[in-house]
Amino acid sequence: MTQDLIDGFMEAIPLPVVLVDQSERFIAANSTATTLLGGNLVGRHFATVLRQPNVATAIESCLHERTPKTARHLSNDGAQDTTFEVSLRYIAGIGAVNGGAALISLSDISEREQASQMRRDFVANVSHELRTPLTALMGFIETLRGPARDDAGARERFLKIMQDEANRMNRLVGDLLSLNRVESEERVRPREQLDLGAHLASTLKSLEPVADAADVRLTLDTTEQPTLIAGDPDQLQQVFTNLVENAIKYGGDQVTVKLTTRDRDPAVRAAAVRVEVSDNGAGIDPVHLPRLTERFYRVDTHRSREQGGTGLGLAIVKHIINRHRGRMRVESNAAIGTIFTVILPQ
Ligand code: ADP
């Protein structure tokens, strides 16, 4: 095979690829590979470029054993880590020494790695969140069967705590199932027409007992005219229930829900409705704002647990709003409290 033909084949491959022959030097590289590894590769020893020991070992054994190999190559351009899967195939009959070379291709698998890391973190978080109430339940069962067996007062107290812990586990499982359902439907746009003003009024009505119990004044500020949008009524109820419940739990003594419409909203580049859920609480430190919708992210874990929070509410909200092709904004400081704004296209 002529060098031109080899170069032509290499250039046609969409991944970064290089050829290393038995002299352990590069004999060809496509332009994607030179962008990644640097120019003037041909003629250089591979170890001056691919220095990582596992990659070097894979190249040597591919050349020596003449069998396929794989390895991982980690690179960092100063800003971010990238993981490449390096795959090596032996090609007989090309190259200067002994005729034969290793074709080495690098594919960027960072996204796949990141996704599996996220999956591992999620499983670890769920296990931890379930284990905490479960440990409490097991402890109380042991006490009730042992030292507190005949203590009626302790039994009542412990059963109440056990009920709270079981409810916590139940809420967590409920939120996990919700999150799963919402995520699986995220690509299907809701079609049902609903009047958001009337919908908000009924959501707020069902939250009145929660607000009353917390001594919070709940106000709805909306227009008389129907505000029609395409939406999933149950999911939108979940969005505004979660936001209003949070405002009640973490805010001050006033929560306002305000509905406005715009002919053209820059946030969604279309006619849209905006729903602002504001409270007069102490606000959220700006460092937390970018991570607030991550699963299990809480500003104050102890306070969230005390309030019966699962840390999944805003993650569920985010996915539902995505499904409606909407946006959510958070503004917060000690002077104004917190304002969550949901923008939904009409
Ligand atoms: P949780 O179940 O903990 O309430 P969420 O996902 O609903 O979980 O909210 C994440 C965190 O965001 C909460 O734990 C709380 O720290 C913070 N947060 C949410 N809403 C407000 C608010 N209105 N005021 C202050 N902090 C809030």
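Four salt bridges: the rule finds 4 of them across the interface of domain 2 and domain 3. Keep in mind that this is a predicted model. One salt bridge to look at joins the side chains of Glu185 and Arg323, at 3.6 Å from N to O. Polar contacts also cross this interface, and here the rule finds 8 residue pairs.

Which helices supply the side of domain 2 that touches domain 3? Look at α4, residues 110–145, and α5, residues 152–184; each supplies at least two residues of that side. The most comes from α5, with 9 residues. What kinds of residues are on that side of domain 2? They divide into 6 nonpolar, 3 polar and 6 charged.

Now step back to the whole chain. It is divided into domain 1 at 3–108, domain 2 at 110–185, and domain 3 at 190–346. How many residues does each side bring to the contact between domain 2 and domain 3? Domain 2 gives 15 residues and domain 3 gives 14 residues. The C-alpha centres of these two domains lie 26 Å apart.

Next, area. The size of an interface is often given as the accessible area lost when the parts come together. Between domain 2 and domain 3, the buried area is about 1,500 Å². Carbon and sulfur atoms give 59% of that area. Three residues to find on domain 2 are Glu129, Leu179 and Val182. Together they supply 34% of the area that domain 2 buries against domain 3, more than any other three residues.

On to aromatic rings. The structure holds 2 aromatic pairs. Take Phe122 and Phe296. Why is this pair called tilted? The ring centres are 6.0 Å apart and the planes stand at 35°, so the pair is tilted. For the angle, under 30 degrees would count as stacked and over 60 as edge-to-face. Where do the two rings sit? Phe122 is in helix α4, while Phe296 is in the loop between β10, residues 270–279, and α8, residues 301–306. The pair links distant parts of the chain, 174 residues apart.

Last, back to salt bridges, now everywhere. A search of the whole structure finds 14. One of them is between the side chains of Glu113 and Arg72, at 2.8 Å from N to O. Glu113 lies in helix α4 and Arg72 in strand β3, residues 69–76, so this pair ties together parts that are 41 residues apart in sequence.

Notes
Residues numbered from 1 in each chain as written. Predicted model: local features only at pLDDT ≥ 70, side-chain atom pairs only at ≥ 80, totals over all residues. Heavy atoms only, no water. Domains from an automatic or database assignment. Contact = heavy atoms within 4.5 Å. Buried area = accessible area lost by both parts, 1.4 Å probe. Polar contact = N/O pair within 3.5 Å; in protein donor to acceptor, adjacent residues only side chain to side chain. Helix = DSSP H or I, 4+ residues; strand = E, 2+ residues; numbered from the N terminus. Nonpolar A, V, L, I, M, F, W, Y, C, P; charged D, E, K, R; others polar. Phe/Tyr/Trp six-rings, centres within 6.5 Å; stacked < 30°, edge-to-face > 60°.
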